[in-house]
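User: Please give me a close look at the local backbone in this model, above all the stretches outside helices and strands. Then set it against the packing and the pocket elsewhere in the chain.

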Amino acid sequence: MEANGNLRTAIVLQGGGALGAYEFGVLKALYEKRPAFEPSVVTGISIGAITTAVLAGAKGDPMKALDRLWREKLTVLPPLPPLFQPAYQQFVPKVFQQSLAVMGNPGMYQLRPEIMWAPLLCTSIYDLAPLRRTLAELVDLEKLNNNGIRAAVGAIQIGTSEIKYFDNHNGGLSFERVMASGSLPPGFPMTEVDGNYYWDGGLFSNTPLERAINFLEACDPDNPDIRRELIVVELFPTDAPIPKDMRGIMSRMTQLQYTSRLKMDRKFFGKINKMVDLLQTIHDTLPKESPIRQDEDYKELRSHKKIDAFQVITSNLPPELSNASDFSKRSIEERIEAGYQSAVEHRIWEPSST
């Protein structure tokens, strides 16, 4: 499946609205630095779910499709002729450009007309019809569900408060299931899937790490030569300076709401890998007739595999680029470049051993 032979890679993508351009930058560097690269697993939440669907099911080259997604579909420009766009970007105040998406994003969401005369009766400010059209234009559902890449997106079921992961092996991924993962209230409406209603999975957990690890462990489980790699892209840093003004307060509050709940380090994966090695040693020394071999709990423990390499690439964008609703061209381009440079600094093309 991959140019790296026995290496199997899982990619984990957080949600974060317009900050997702940073994830595209990271992926762009990964695909450039590893020729013919293809992941084995991709999991995402919210904007990460949209990227997941395009990455695994793109009509044509996935990097070209993601480039179109971010630079054409999700970038918000004023309704001006192309000749006037450069002047607009150069002379119009940045704060105005950054606020333009409040009125809608042609590739993702549009204002609900009734919000103007009956706002208290609405269940959302925008609707996601443009996003469905964008997904239909960029994503081949047949490819998404049958190309061999294990893909999953997370949403929270409103009525039960339970996180639900839709994946392309368990019932398949549809545009509605991808949209459910990005249905963040009160901006976006709840999405109906199979009679149930869902909101953005980031309300529950913004880092679909566990599902990625489970899928990665299932890759060629009986092949002892397989190496497994985990790449996590975080859009919200866990560590940050103490804020000194209201803008900083609001930014840090959002970061804390959506940052990863799991602190990942090499010591953790090192302990897991030692446990896997120990279980293998025990298994090799157990008598063949030992009842322990048939114990279900023992079999479950034995199903866990070593994570041989992992990288966590965390966005550390400056305050002026940290607004998740800012889809302006300048901000999108700067986030793409920031993600690309972060990936290069991490030498993303070299799997980092645990």
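Analyst:

**Backbone outliers and their surroundings**

R347 counts as partly exposed, because its relative accessibility of 40% falls between the cut-offs of 20% and 50%. The model is predicted, so every value here is computed from predicted coordinates. R347 sits in the segment after α13, a helix that spans 329-345. Its phi is near 50 degrees. That is a positive value, and R347 is not a glycine.

A36 also has a positive phi without being glycine, near 65 degrees. This alanine belongs to the loop that runs between α1 (20-33) and β2 (41-45). Is A36 buried or exposed? A36 is exposed: its relative accessible area is 65%, and the cut-off for exposed is over 50%.

Next, the cis bond. The peptide bond from P185 to P186 is cis. Its omega is near -5 degrees. P186 lies in the loop between α8 (175-181) and β8 (191-193). P185 is placed in the loop between α8 and β8 as well. P185 counts as partly exposed, because its relative accessibility is 23% and the buried class ends at 20%.

What does P185 touch beyond its neighbours in sequence? Leaving out residues up to four places away, P185 touches W199 and L203. P185 can also be placed against T123. The two are 62 residues apart in sequence, yet their C-alpha atoms are 8.3 Å apart in space.

G5 gives another long-range pair. G5 is in the segment before β1 (7-13). It is partly exposed, at 40% relative accessibility. G5 and T75 are 70 residues apart along the chain, and 37 Å separates their C-alpha atoms.

**Helix packing**

Two packed helices are described by the angle between their axes and the distance between the axes. Here the pair is α2 (residues 47-57) and α3 (residues 62-73). Their axes come within 9 Å. They cross at roughly 140 degrees. The two helices are therefore oblique to each other, since only angles over 145 degrees count as roughly antiparallel.

On the α2 side, the contact is made by I47, I50, T51, V54 and L55. On the α3 side, the residues are P62, M63, A65, L66, L69 and W70. By class, this contact has 10 nonpolar residues, one polar residue and no charged residues.

**The second largest pocket**

Rolling a probe the size of a water molecule over the atoms shows where empty space is left. The second largest pocket has a volume of about 390 Å³. How many residues line this pocket? The lining has 17 residues. P221, P224, V276, Q280 and K305 lie nearest the pocket centre.

Three elements give two or more residues to this lining: β10 (227-234), α11 (266-285) and α12 (296-303). α11 gives the most, with four residues. Which classes make up the lining? It divides into eight charged, six nonpolar and three polar residues. Charged residues thus take part in this lining, whereas the contact of α2 with α3 has none.

Definitions and conventions. Residues are numbered from 1 along each chain as its sequence is written. This is a predicted model: local features need pLDDT of at least 70, side-chain atom pairs count only at pLDDT 80 or more; totals for chains, interfaces and linings use all residues. Side-chain values use heavy atoms; hydrogens and water are left out. Buried means under 20% relative accessible area, exposed over 50%, partly exposed in between (1.4 Å probe, protein chains only). On a 1 Å grid over the protein atoms alone, a cavity is a set of points where a 1.4 Å probe fits but cannot get out, and a pocket is an open set with protein on both sides within 12 Å along at least five of seven lines; lining residues have an atom within 4 Å of a point. Grid points are joined across faces, edges and corners, and a volume is the space filled by probe spheres set on the points. Ala, Val, Leu, Ile, Met, Phe, Trp, Tyr, Cys and Pro count as nonpolar, Asp, Glu, Lys and Arg as charged, and the others, Gly among them, as polar. Axes are lines fitted to C-alpha atoms, for helices over the stretch in contact, and angles run from 0 to 180 degrees between N-to-C directions. Angles under 35 degrees count as roughly parallel, over 145 as roughly antiparallel, 65 to 115 as roughly perpendicular and the rest as oblique. Contact means heavy atoms within 4.5 Å.
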